[in-house]
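Colleague: Could you take me through one helix of this model in detail, with its surroundings and the confidence that goes with it?

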Amino acid sequence: QSPTAASTSSSLPILCLSAGTAHLPQLISPTNGLPIWESTASASYLIHKRGIPPSMVFVETTSYDTIGNAYFARTSHTDIA
């Protein structure tokens, strides 16, 4: 069993990536009909099941491939001079 947030000493933020996969249909919530982005599902798991504080979890919901992950993570979550 892997350690929970309470048993780790890391204080680094976590960035969850991806809106989904371009070659598969978007996952849709059965309760409200809205898209379920891969990154928000991952963030929800980390917060609710692993005990990571919400302030330490960030999401990127724009990319659909690996290059997009890198590009949108940088342009959305860092300062570019």
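Modeller: What follows is a close look at helix H2, with helix H1 beside it for reference.

This is a predicted model, in which local features need pLDDT of at least 70 and side-chain atom pairs count only at pLDDT 80 or more, while totals for chains, interfaces and linings use all residues. Residues are numbered from 1 along each chain as its sequence is written, and side-chain values use heavy atoms, with hydrogens and water left out.

Helix H2 takes in residues 66-77, helices being DSSP runs (H or I) of at least four residues and strands (E) of at least two, numbered from the N terminus. Its 12 residues reach 16 Å from the first C-alpha to the last, close to the 16 Å expected at 1.5 Å a residue, where the expected span is 1.5 Å times one less than the number of residues.

The buried residues of H2 are Gly68, Asn69 and Ala73. They cover an arc of only 125° around the axis, which puts them on the same side of H2; the arc is that of the directions from the helix axis to the C-beta atoms. Buried means under 20% relative accessible area, exposed over 50%, and partly exposed in between (1.4 Å probe, protein chains only). On the face turned away from this buried side, H2 carries the exposed residues Ile67 and Arg74.

The buried residues of H2 pack against strand E1 (14-17) and strand E2 (57-60), contact meaning heavy atoms within 4.5 Å. E1 and E2 are also among what covers the buried residues of H1.

As for pLDDT, the predictor's confidence in each residue from 0 to 100, the mean of the protein chain is 86.
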